[in-house]
Each structure stands twice: as structure tokens, then as C-alpha cells.
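Visitor: I've got this one open on my screen. Mind if I throw a few quick questions at you?
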Amino acid sequence: MRFHRQTISVEEATRRLLSELERQGEEQIAIYEAAGRILARDITATCDLPPFDRSPLDGFAVRAADTAGASADRPVTLEVVETIAAGEVPRIALGPGKATRIMTGAMLPEGADAVIMFEQTEQPGQLAREVRLKRSLRAGENLSRRGEEVPAGSVVAKAGERINPGTLAILATFGYKWVPVVKKPRIGLLSTGPELLGIDEPLVPGKIRNSNAIMLAAMIAEAGGIPVMLEGLPDEPAAAKARLAACLEDVDMLVTSGGVSVGDFDVIASLADEPDVALLFNKVAMRPGSPTTALRYQNKLICALSGNPGACFLGACLFLLPAVRTLSGEQTGASPGPTIWATLGETYDKPCPYPRYLRGRLTEEGGRLYVWPDWNHKAGNLCTMSMSECFAIIPPGGRGKQAGELVEVLPHAMPSWERVQV
Ligand SMILES: Nc1nc2c(c(=O)[nH]1)N[C@H]1C(S)=C(S)[C@@H](COP(=O)(O)OP(=O)(O)OC[C@H]3O[C@@H](n4cnc5c(N)ncnc54)[C@H](O)[C@@H]3O)O[C@H]1N2
Ligand code: MOO
Ligand SMILES: [Mg+2]
């Protein structure tokens with residue numbers, strides 16, 4: 001299994017991986033903690049919105065019929081019967097020839113069917129028993145009718161939506177102090193390789209500091225999971241397997257980095273031959289990261305990413321994040337994100353038997369979107385990762401792509417995706 005691997009497409013690998021996963025259960029949390037969480041149920045409007053007929057302006061509530069023929073030259077005079085601030089309930093129903101001084105958001109008095117703004121009356125600043133209107137109104141003009149935005153009972157946010165500031169406003173409007181959300185999945189993180197040092201350890205010959213773990217932890221947290229840092233995977237296969245089994249007990253899914261290729265000490269790769277471990281895949285048609293692997297063990301998923309930082313990052317974008325979002329119940333979870341098309345800024349002519357995902361940046365010029373791949377395309381290259389906002393996907397085959405050709409692009413960083421959508 002280690003050397004003879006069956007290559008499958010990114011799409012097939014994603015399908016195999018996600019079909020292993022189910023949404024987590026739900027919990028109730030206070031609205032103050034809910035930003036960024038995933039709704040576990042549809043949210044319905046608990047009242048009409050607006051909940052009462054109200055004025056959208058500071059002005060006078062009137063009966064439109066009384067205003068017929070009013071103009072600046074021939075204003076119509078109405079008697080002002082009361083003043084209503086937002087939050088008050090009007091006491092007096094409007095009869096013919098009457099008006100109510102009313103503020104924005106205040107409840108309309110019975111009988112009123114139009115509102116005129118202060119500026120369209122004479123002496124708008126003056127509190128008086130009478131008001132002179134400088135124009136006529138149609139029935140229904142300048143009113144917010146009860147339920148016109150949302151009738152009670154309608155679905156205002158759907159299960160699977162990520163709660164954003166707008167969702168919080170909806171939840172608050174309808175009185176949801178407690179919000180049903182999907183429990184965050186706990187994602188265990190294990191790095192493999194005796195060459196790895198902790199961040200604060202001094203460098204010694206042959207060793208490097210572990211950069212994948214903290215990168216993956218941040219990606220997991222951003223996708224809505226709880227990263228659980230685990231340590232100590234031995235490189236002896238039986239001991240490694242026992243350690244994995246222990247780690248799996250405490251998490252909903254495990255992510256590893258490194259050890260998936262064909263090296264003598266690539267300990268994750270050796271698991272594929274174990275009778276009680278199910279191999280989902282161990283070779284994906286993509287560069288970098290073709291040895292990316294997924295296994296099911298102890299009824300849990302192990303998403304085994306390549307150790308090379310660039311390959312690890314791509315594998316996380318393509319497989320880990322959709323997996324975390326699927327566990328979190330996020331509606332859009334199953335895909336790494338929508339792709340767009342952009343013009344390649346510079347030629348990339350290195351042939352590759354698999355689609356090649358080049359990290360890059362996007363620019364816009366004259367209404368056209370350009371993608372600029374990184375200057376160094378080695379899989380292990382990590383220093384341009386922080387500046388990358390997308391992957392340009394170079395299709396497999398002979399000649400790569402020339403500058404000026406259209407290529408498919410997978411944005412992976414939110415800011416750029418928001419930017420290119422406008
Ligand atoms: N004979 C072959 N050798 C390799 C092949 C192949 O097909 N035949 N594939 C190459 C490709 S492509 C990749 S990608 C790597 C995959 O390697 P592994 O996933 O097994 O990862 P490691 O061997 O553990 O490490 C690779 C590289 O990355 C560094 N690394 C590992 N973990 C971390 C970490 N947490 N933080 C930072 N850097 C890390 C590690 O030191 C190595 O330099 O295999 C090729 N070989
Ligand atoms: O798959 Mo590897 O990351 O190309 O070097
Ligand atoms: Mg290796």
C-alpha cells in the first residue's frame with residue numbers, strides 16, 4: 001500500500017472524506033457568545049416585524065383625505081391633538097381635521113393613514129396647537145405597516161448559517177437570548193517527525209521548528225472547530241498506532257501532518273496496511289500534497305496531511321476545512337469554497353501530471369481579474385503563505401498555462417474573496 005497507491009481526484013477524495021462525517025449535536029448558548037457559531041435550527045420570527053404600524057419619519061400623522069389640495073401657497077391647517085415619542089402608545093384616535101405630532105419609530109394613532117415630515121409643514125420647529133401642511137398626501141404614504149418586513153412565524157435564519165453580526169441583530173429582534181448552535185467539534189492535532197522542535201527551542205543541526213501545528217490550529221479555530229494540541233507520536237508503527245488510538249478517544253476527528261509519503265519513518269503511511277484501519281485514500285491527484293491520506297480508525301476520521309508546509313496548507317484548505325465545517329453543520333461546508341476565473345498574470349509552463357495549486361494573489365485592472373502566482377512554487381516553501389489569498393489551478397498535462405490565459409482560481413482568504421465579489 002505504501003508504494004502502490006491508487007490516485008483519486010480531489011473531488012472524489014473530498015466525497016470519501018465527508019461521507020464519513022456527521023454534524024455534531026446541538027447546545028444552547030447565550031447570544032453574547034454566538035458570533036461565528038453555526039445555527040443548529042431554523043430561527044422563526046416570534047412576532048411581526050415591525051410589530052406595530054409606525055412612523056418612519058419625524059413629522060405629523062394625518063388622515064390623507066384631510067390634506068387634499070394642500071400646497072405651499074394654500075396650506076391646509078390641522079389641529080394637533082397629541083405628541084407621541086417612540087415607545088409611547090397613542091391615546092387619541094385621529095378624527096377629521098386632526099393631526100398627531102409623531103417621532104420616528106413611534107406607534108401610529110388609530111385613524112392615521114399617512115405621515116408628513118416636519119420639513120413639509122410651516123414652521124417645523126415650533127410646538128403649536130395647529131400645523132399647516134404644504135403638500136397633500138396619498139393614503140399609505142410614509143407608513144411602516146405591521147409585519148411588512150417579516151410576518152410572525154416566517155423563517156428568518158436557517159440551520160447551518162454561520163451567525164454573523166446581521167444574524168445577531170435578527171436574533172435580538174425576535175428575543176432569542178439563548179441560541180441553538182451546533183457543538184464545536186474537537187479536532188486533535190498531531191505532528192509527526194523527530195526533526196520537529198517546539199517554537200521556543202533553540203535550533204540544533206538537522207532539526208526545524210514545528211510550524212504546521214500552529215498554522216493548522218488557527219485554521220481549525222477559524223473554521224469553527226476546537227483545536228486540541230496533542231504531542232508525542234512515536235515513529236515505531238505499533239507504538240504510534242496505540243498512541244493514535246488514545247488520542248482519538250478525546251476528539252471528534254484527528255489531523256496529522258507529515259509521515260504520509262514513502263519514507264522509512266513515514267509512520268502514518270504504514271497504518272494503511274493495518275487490518276483494523278480503513279484506508280479512504282492515500283494519493284490525490286494534486287500538487288503539492290499528492291500523498292495526502294485519510295483513514296478511519298476506531299470509528300473516527302484521521303485526516304493525514306503532508307508535512308511540507310505548503311502541501312499541508314493546501315491539504316488543510318481542500319480537506320480539513322470542509323471536514324471541520326461539515327462536523328460543525330455549516331451549510332456551505334462541503335466545498336473548499338466557490339472558484340472564480342481569472343487571467344494568469346505570468347506564464348507557468350512546468351508540466352505536471354496532476355492539477356497544480358499555485359498560491360497567489362489577485363489584482364483587478366480595467367474590470368479584469370488577474371491572478372499572480374507566487375515566485376517560488378516548491379511544495380515546502382512557506383514564507384509566501386501569509387501573503388497568499390488564493391490558489392491558481394493549473395490543469396494537468398503538457399504545457400501549463402501562458403500569461404493571458406484564463407485559469408480557475410480558488411480563493412482561500414476571506415478578505416480577497418469579499419473584494420472580488422463586488
Ligand atoms: N521517494 C519519494 N519521496 C517523496 C515523495 C515521493 O513521491 N516519493 N513525495 C514527496 C512529496 S510530494 C511530499 S509532499 C513529501 C510528503 O512528505 P510527508 O508528508 O511524509 O512529510 P514528512 O516526510 O514528515 O515531511 C516532509 C517535509 O516537511 C517538513 N515538516 C514535517 N512536519 C512539519 C511541521 N510540523 N512543521 C514544519 N515542517 C514540517 C519535514 O521536515 C520535511 O522537510 O514527501 C516527498 N518525498
Ligand atoms: O506533494 Mo509534494 O507537496 O508536491 O512536495
Ligand atoms: Mg515523509
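Visitor: Is Cys390 buried or exposed?
Guide: Bear in mind that this is a predicted model. In it, Cys390 counts as buried because its relative accessibility is 0%, under the 20% cut-off.

Visitor: And which cysteine sulfur is nearest to that of Cys390?
Guide: That would be the sulfur of Cys317, 11 Å away, and Cys390 is in no disulfide.

Visitor: What about Cys312, buried or exposed?
Guide: Cys312 counts as buried, because its relative accessibility is 0%. Cys312 is in no disulfide either; the nearest cysteine sulfur belongs to Cys303 and is 9.2 Å away.

Visitor: So how many disulfides does the count come to?
Guide: Zero. A pair of sulfurs has to be within 2.5 Å to qualify.

Visitor: Switching to ligands. What coordinates the magnesium ion, ligand 3?
Guide: Asp266 does, listed twice through OD, at 2.4 Å. You'll find Asp266 in the loop between β14 (253–257) and α5 (267–271).

Visitor: Which atom of ligand 1 does the Asp266 side chain contact?
Guide: An oxygen atom of ligand 1, 3.2 Å from an N or O atom in that side chain.

Visitor: What polar contacts do the nitrogens of ligand 1 have?
Guide: The side chain of Asn210 has an N or O atom 2.8 Å from a nitrogen of ligand 1. There's also a backbone N or O atom of Ser211 at 3.1 Å from a ligand 1 nitrogen.

Visitor: How much of ligand 1 does the protein cover?
Guide: 66% of the 870 Å² of accessible area that ligand 1 has on its own.

Visitor: And what surrounds ligand 1?
Guide: 19 residues, with Glu195, Asn210, Val260, Gly307 and Asn308 the closest. By class, that shell has six nonpolar, 10 polar and three charged residues.

Conventions
Residues are numbered from 1 along each chain as its sequence is written. Chains are lettered from A and ligands numbered from 1 in the order in which they are written. This is a predicted model: local features need pLDDT of at least 70, side-chain atom pairs count only at pLDDT 80 or more; totals for chains, interfaces and linings use all residues. Side-chain values use heavy atoms; hydrogens and water are left out. Buried means under 20% relative accessible area, exposed over 50%, partly exposed in between (1.4 Å probe, protein chains only). Donors are N, O and S atoms within 2.8 Å of the metal (3.2 Å for Na, K and Ca); water is not among the atoms, so sites may look incomplete. Helices (H or I, at least four residues) and strands (E, at least two) are DSSP runs, numbered from the N terminus. A residue is near a molecule or strand if one of its heavy atoms lies within 4 Å of it. A polar contact is a pair of N or O atoms within 3.5 Å; within protein, one must be able to donate a hydrogen and the other to accept it, and residues adjacent in sequence count only if both atoms are side-chain atoms. Accessible areas come from the Shrake-Rupley method with a 1.4 Å probe; for residues, only the protein chains shown count as cover. Ala, Val, Leu, Ile, Met, Phe, Trp, Tyr, Cys and Pro count as nonpolar, Asp, Glu, Lys and Arg as charged, and the others, Gly among them, as polar.
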